[in-house]
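User: Please take a close look at how the strands are paired in this structure, beginning with the hairpin, and then follow the pairing into the rest of the fold. A connected explanation suited to a first-year student would be welcome.

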Amino acid sequence: MTFPVFASGDVLNASDMNAVGLWKLSETNFTTVASVSLNNVFTSDYDNYRILIRVTASTGAGTDNTFTMRLRAAGTDSSANYVHQRFGAQGATTFAGANTSGTDDWFGGFAAVNATMYYSQTIDIFGPQLAAPTVASAYTCELDSTATSVQVFAMRHTASTSYDGFTFFTNQTNMTGTVWVYGYR
Amino acid sequence: MATDNKLEFDAATNQSVVRELTEAEQTQRAKDIAKANDLRDSIQSELSAKQSARTKLAALGLTEAEIKALVG
C-alpha cells in the first residue's frame, strides 16, 4: 500500500504511519501578547523541526515590529550565543548583515505595525533538543499596503545545550497570530 | 510601567496560559525593545542611504539597470 493515497477502510499500519515524513506537533493561536513561548515541543522523538509563524495584527507606538526569537529549556529563555547571517530586500532595495559575535537573540525580520498584517516566518531548526550547537535556516515575508519585504536567515546557537522550546517576541506592544510546529522524521 | 502579556503553551499537557510578564521578563523586554529599535534603525538607515544613492545616480543620467547593477 502506498500512502498518502488513502481509501475507505484502509488499515494504517505502523510501517505506513512511521513513513510519514512530517508530523504536526502543535498549533497555537496568540492574541494581543508581547511574546509567545512554546515548551516541550522539542523532544527526543524528532531531531529536526519546522516552525511556521503568522502574524495577522499588531499594535504599538513604533512604525515596525522587530521580531526576535530565543531557545528555551525548562521554562527559561537562553539569552546568549545567537549568531546569524541575513539578506533581504524591501521594494527594489536590498540589504544584508550579520552578527558573528553572539547576541542575545535571533533576529526574525521586521514588519509594519498594522491592524491587518501579512507577515510570515518559516524556520527549519536542526537538533535543538540535542546537546550540541543548534542551527536553523529561515525566511520571512511581509506584504501589506505600505511595505513589502523578504528576508533570508542562516542562524546558529553556539552552546552545546539541549532546548525543549522557544519564545517569539515583538518589540511592539502586542501581536496576534498563530504558530505551528512540525517534527521531521 | 505597564505590564505586558505573554502566552505560554506546554506541548506536554496541550495547555495554554496567558499571563503577565514577571518583573525579570519585563526588565529583559525593555532591554530587548531598545536593541530591536537600534537594529531596525540601522537597517532603515541602510535602506535610506541606498534610496538616496539611487536618486542621485538617476540625476547623473544612469539608467535603472545601471543603478541596480551598482546598488542592488
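Analyst: In this predicted model, strand β1 of chain B (residues 5-10) and strand β2 of chain B (residues 15-20) run antiparallel and are joined by six bridges. Within this pair, Glu8(B) of β1(B) faces Val17(B) of β2(B). The two strands form a hairpin with four residues between them, and Asn14(B) there adopts a positive phi near 60 degrees.

The strand β1(B) also has a partner in the other chain. Strand β2 of chain A (residues 35-39) pairs with β1(B) in the parallel sense, over five bridges. Ser35(A), for example, has Lys6(B) as its bridge partner. Thus β1(B) is paired antiparallel with β2(B) and parallel with β2(A).

Positive phi values also occur in chain A. Thr32(A), which belongs to strand β1 of chain A (residues 22-33), has a phi near 45 degrees although this residue is not a glycine. Thr32(A) is classed as partly exposed because its relative accessibility is 43%. Asn81(A) is another residue other than glycine with a positive phi, here about 75 degrees. Asn81(A) is placed in the loop between β5 (76-77) and β6 (82-90) of chain A, and a relative accessibility of 33% makes this residue partly exposed as well.

The next strand to consider is β3 of chain A (residues 48-59), which is antiparallel to strand β9 of chain A (residues 119-126) and joined to it by eight bridges. Here Tyr49(A) stands opposite Ile125(A). The strand β3(A) pairs in addition with strand β13 of chain A (residues 174-184), again in the antiparallel sense, over eleven bridges. In that pairing, Val55(A) is matched with Gly177(A).

In a regular strand, side chains alternate between the two faces of the sheet. The largest nonpolar core comprises 39 residues, and those with the most contacts inside it are Ile51(A), Val55(A), Ile123(A), Ile125(A) and Phe166(A). Leaving out residues up to four places away in sequence, Ile123(A) touches Tyr49(A), Arg50(A), Ile51(A), Ile53(A), Met69(A), Ala136(A), Ser137(A), Ala138(A) and Met155(A).

Two aspartates in the loops of chain A complete the picture. Asp144(A) is placed in the loop between β10 (134-143) and β11. Asp144(A) counts as buried because its relative accessible area is 13%, and the limit for that class is under 20%. Beyond residues up to four places away in sequence, Asp144(A) touches Ala112(A), Asn114(A) and Tyr118(A). Although 13 residues separate Asp144(A) from His157(A) in sequence, their C-alpha atoms are 31 Å apart in space.

Asp164(A) lies in the loop between β11 (148-157) and β12 (165-170) of chain A. Asp164(A) is buried but has no salt bridge: Arg72(A), the nearest side chain of opposite charge, is 5.7 Å away. This follows because a salt bridge requires the charged atoms to be within 4 Å. A polar atom of the Asp164(A) side chain does, however, lie 3.0 Å from the backbone nitrogen of Ala74(A). Apart from neighbours within four places in sequence, the contacts of Asp164(A) include Leu38(A), Asn39(A), Asn40(A), Val41(A) and Phe42(A), and also Arg72(A), Ala73(A) and Ala74(A).

Terms used. Residues numbered from 1 in each chain as written. Chains lettered and ligands numbered in written order. Predicted model: local features only at pLDDT ≥ 70, side-chain atom pairs only at ≥ 80, totals over all residues. Heavy atoms only, no water. Buried < 20%, exposed > 50% of the residue type's maximum accessible area, 1.4 Å probe, protein only. Lys, Arg positive; Asp, Glu negative; His and termini not counted. Polar contact = N/O pair within 3.5 Å; in protein donor to acceptor, adjacent residues only side chain to side chain. Contact = heavy atoms within 4.5 Å. Core = buried A, V, L, I, M, F, W, Y, C linked by side-chain atoms within 4.5 Å. Pairing = 2+ DSSP bridges.
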